[in-house]
Amino acid sequence: RKYLLYGEKIMLNFVFSILFFSILTICLTMALTRHFKWDVAEILKFLAAAVTFIIFLTVLLFPLPLSQEEAGFASVNIIPFKTIAGYIISAVRDGMVGTALSQILGNVLLFFFFMSVLGWYMHLYSFRTYVIWLLIFAVMAEGMQAVVSLCLGYLYRSVDIDDVILYVIGGLLSYAWLGRYAKENNTSHKE
């Protein structure tokens, strides 16, 4: 029964986070629509970006543990590639391939999708501007986890430079994909 309660707490955390961010998004959408007099296409574009941001924040920050015991192991790493190397070594030596893939690819894919939608929404086609936004969001993502940990009084998630590196890799892959999309879009408009 204790395990079920922990699962229920995690589910409650996710539901609360999605509900909170959704209500915030609805209010923001109503205010922006009224202020900027958006048409339906702009509203839908904003909502697509908002939903992506909600998913991003939910994956990044939640579930919040209700106690330090529920937080599990968390650490601070400022040595580049230390955690990534640890995952790869564990995968090879101990057969922890699933953990390595989920941690490494999870961070890359999180930022690939997030930056793809952000780049599309904000029309970030200049490489320099895109990279500036990518670095801001990558550092901010780990910074938010650190701030939440400070507010809780204990580390609930690892704060890791390797996560920032993986976020940047995902974002750069997204830029390459967006560049191809923009090129194809421009080609089809010229025809």
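Let's start at Pro63, which sits in the loop between helix 2 and helix 3. With a relative accessible area of 23%, Pro63 is partly exposed; the cut-off for buried is under 20%, so 23% does not qualify as buried. Pro63 also has a partner far off in the chain: Val15 is 48 residues away in sequence, yet the two C-alpha atoms are 9.6 Å apart in space. Please keep in mind throughout that this is a predicted model.

Now let me step back to the whole fold. The protein has seven helices and two strands. Reading from the N terminus, the order is α-α-α-β-α-α-α-β-α. How much of the protein is buried? Of its 191 residues, 32% count as buried. The accessible surface comes to about 12200 Å², and carbon and sulfur atoms own 73% of that. If you take the contacts with a separation of 6 or more, 76% of them join residues 24 or more positions apart.

Two other loops deserve a look, for their backbone angles. Lys37 lies in the loop between helix 1 and helix 2, and its phi is near 55 degrees, a positive value in a residue other than glycine. Lys37 counts as exposed, at 70% relative accessibility. His123, in the loop between helix 5 and helix 6, has a positive phi too, about 55 degrees, although it is not a glycine. Is His123 buried, exposed or partly exposed? Its relative accessible area is 48%, so His123 is partly exposed, since exposed would take over 50%.

On to the pockets, which I enjoyed most. The largest pocket has a volume of about 780 Å³. It is lined by 31 residues, and the closest to its centre are Gln103, Gln145, Tyr156, Arg157 and Ser158. Which helices supply at least two residues each to this lining? They are helix 1 (2-36), helix 2 (40-61), helix 3 (68-71), helix 4 (82-94), helix 5 (97-122) and helix 7 (161-190). Helix 5 gives the most, with six residues. By residue type, the lining of the largest pocket divides into 14 nonpolar, 11 polar and six charged.

The second largest pocket holds about 310 Å³ of space. Of the 18 residues that line it, Leu28, Phe46, Ala49, Ala50 and Phe53 are the closest to its centre. Here helix 1, helix 2, helix 5 and helix 6 (127-152) each supply at least two residues of the lining. Which helix gives the most to this second lining? That is helix 2, with seven residues. The make-up of this lining is 16 nonpolar, two polar and no charged residues. So as you turn the model, you can set that beside the largest pocket, where six charged residues take part in the lining.

Last, a word on the cysteines. How many disulfides does the structure hold? The count is zero. Cys27 is partly exposed, at 45% relative accessibility, while Cys151 is exposed, with a relative accessible area of 66%. The line between those two labels is drawn at 50%, so Cys27 at 45% falls short of exposed, and Cys151 at 66% passes it.

That's my tour, from the Pro63 loop to the pockets and the cysteines. Thanks for listening, and I'm happy to turn the model around for anyone who wants another look.

How values were computed
Residues are numbered from 1 along each chain as its sequence is written. This is a predicted model: local features need pLDDT of at least 70, side-chain atom pairs count only at pLDDT 80 or more; totals for chains, interfaces and linings use all residues. Side-chain values use heavy atoms; hydrogens and water are left out. A disulfide is a pair of cysteine sulfur atoms within 2.5 Å. Buried means under 20% relative accessible area, exposed over 50%, partly exposed in between (1.4 Å probe, protein chains only). On a 1 Å grid over the protein atoms alone, a cavity is a set of points where a 1.4 Å probe fits but cannot get out, and a pocket is an open set with protein on both sides within 12 Å along at least five of seven lines; lining residues have an atom within 4 Å of a point. Grid points are joined across faces, edges and corners, and a volume is the space filled by probe spheres set on the points. Helices (H or I, at least four residues) and strands (E, at least two) are DSSP runs, numbered from the N terminus. Ala, Val, Leu, Ile, Met, Phe, Trp, Tyr, Cys and Pro count as nonpolar, Asp, Glu, Lys and Arg as charged, and the others, Gly among them, as polar. Contact means heavy atoms within 4.5 Å. Accessible areas come from the Shrake-Rupley method with a 1.4 Å probe; for residues, only the protein chains shown count as cover.
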